Amino acid sequence: MSDVLPLRMIIYQLLFIVLAIAVESLVLQKYLGIGRKASIQYASTANLLSTVIGWFIFFVSEPWMPDPLRQQFITYIFFDETNNPPLLVGLAFLMFLGTFIVKLQSLNWLDLILEGKPITTIEVRDRSKFQGRKAQQRPAFANVPNRALAVLWANAASFTVISIVILIRTFSEQPVTF
C-alpha cells in the first residue's frame, strides 16, 4: 500500500468542481428561468453526484482493466502525465456523455426529493399555424424551458471552461527535466 497523497489531483478536482458549479448555475439560471439559489443548488448537487459516481466507476472498473490501460489511466489521473492523447480524448468524450446523463437524472431525482411529486412535462403546441408570419420566425421552444437541452448546454459550457483551463495549464507549464 502506498502512502502517497495525490494532493495535486485533489486540488484540481476541487477547482474543476467549483468552476463547473459556477458555469452550470449561470447556464441553468438563464435557460430554465429559475432563481440564482435554485440554480446553484441544482448545479452543486448534480456535479457532486456525478463526481462521486465517476470515482466509484473508476475504482470499481480499475482492477479489471488490462495492465497497459490501467497504468495509463492511473498515470494520467494521479500524476498528470499522458503518452496516449487519443485515449484521453475518447475518455473525455465518454465522461461528457456520462456526466450529462447523471446530471440530467440527478435533477429529476432532486425535484422528486424536494417537491415530493414527479415532474410534469409541458406540452408544446404548434402555435405558429395560427399566429401569422411573426410567430413562424420564433423558435418552437422559445417559451418552454427544455430541461435536457439546458443541462446539455450547461454541461458543454462547463466542459469547455475546464478544457480551456487544462490547455492553459498544459502550455504554461515548463517541462520538468531531471
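**Helices, core and cavities**

Colleague: What does L28 touch, not counting residues up to four places away in sequence?

Modeller: L28 touches G33, I34, S39, Y42, A43, A150, V151 and A154 once residues up to four places away in sequence are set aside. The word "touches" stands for heavy atoms within 4.5 Å. Please bear in mind that this is a predicted model.

Colleague: Which elements make up the protein chain, and in what order do they run?

Modeller: The protein chain has six helices and zero strands, so that its elements, read from the N terminus, run α-α-α-α-α-α. Of its 178 residues, 24% count as buried, and residues 24 or more positions apart account for 63% of the contacts that have a separation of 6 or more.

Colleague: Why is S50 called buried?

Modeller: The relative accessible area of S50 is 9%, and the term buried applies to values under 20%, so S50 is rightly called buried. The residue sits in helix α2, where, leaving aside its neighbours within four places in sequence, S50 is in contact with T99, V102 and K103.

Colleague: Which residues of α2 are buried, and what do they pack against?

Modeller: The buried residues of α2 are S39, Y42, A43, S44, A46, N47, S50, T51 and F58, and they pack against α1 (7-32), α3 (67-79) and α4 (85-115).

Colleague: Why does the span of α4 agree with the 1.5 Å a residue of the expected value?

Modeller: The expected span takes 1.5 Å times one less than the number of residues, so the 31 residues of α4 should span 45 Å, and the 44 Å between its end C-alpha atoms agrees with that. Helix α2 (residues 36-61), with 26 residues, likewise reaches 37 Å from its first C-alpha to its last, close to the 38 Å expected. In α4 the buried residues are F96, T99, F100, V102, K103, S106, L107, L110 and D111, and what covers them includes α1, α2 and α6.

Colleague: Which residues have the most contacts inside the largest nonpolar core?

Modeller: That core has 13 residues, and those with the most contacts inside it are L28, Y42 and V151. The elements that give two or more residues to this core are α1, α2, α4 and α6 (147-172), and α1 gives the most, with five residues. As a general matter, in soluble globular proteins, nonpolar side chains tend to be buried together.

Colleague: How many cavities of 30 Å³ or more does a search of the whole structure find?

Modeller: The search finds two. The largest has a volume of about 80 Å³, while about 50 Å³ of space lies in the second largest. What makes each of them a cavity is that a 1.4 Å probe fits there but cannot get out.

Colleague: What lines the largest cavity?

Modeller: The lining consists of Q72, F73, Y76, E81, T82, N83, N84, L87, L88 and L91, with α3 and α4 each supplying at least two residues. These residues divide into five nonpolar, four polar and one charged.

Colleague: And how do the residues of the lining of the second largest cavity divide?

Modeller: They divide into seven nonpolar, no polar and two charged. The residues that line this cavity are E24, L28, Y42, A43, A46, K103, L107, V151 and A154; since Glu and Lys count as charged, E24 and K103 are the two charged residues. Each of α1, α2, α4 and α6 supplies at least two residues, and α2 gives the most, with three.

Terms used:
Residues are numbered from 1 along each chain as its sequence is written. This is a predicted model: local features need pLDDT of at least 70, side-chain atom pairs count only at pLDDT 80 or more; totals for chains, interfaces and linings use all residues. Side-chain values use heavy atoms; hydrogens and water are left out. Helices (H or I, at least four residues) and strands (E, at least two) are DSSP runs, numbered from the N terminus. Buried means under 20% relative accessible area, exposed over 50%, partly exposed in between (1.4 Å probe, protein chains only). A nonpolar core is a set of buried Ala, Val, Leu, Ile, Met, Phe, Trp, Tyr and Cys residues joined through side-chain atoms within 4.5 Å. On a 1 Å grid over the protein atoms alone, a cavity is a set of points where a 1.4 Å probe fits but cannot get out, and a pocket is an open set with protein on both sides within 12 Å along at least five of seven lines; lining residues have an atom within 4 Å of a point. Grid points are joined across faces, edges and corners, and a volume is the space filled by probe spheres set on the points.
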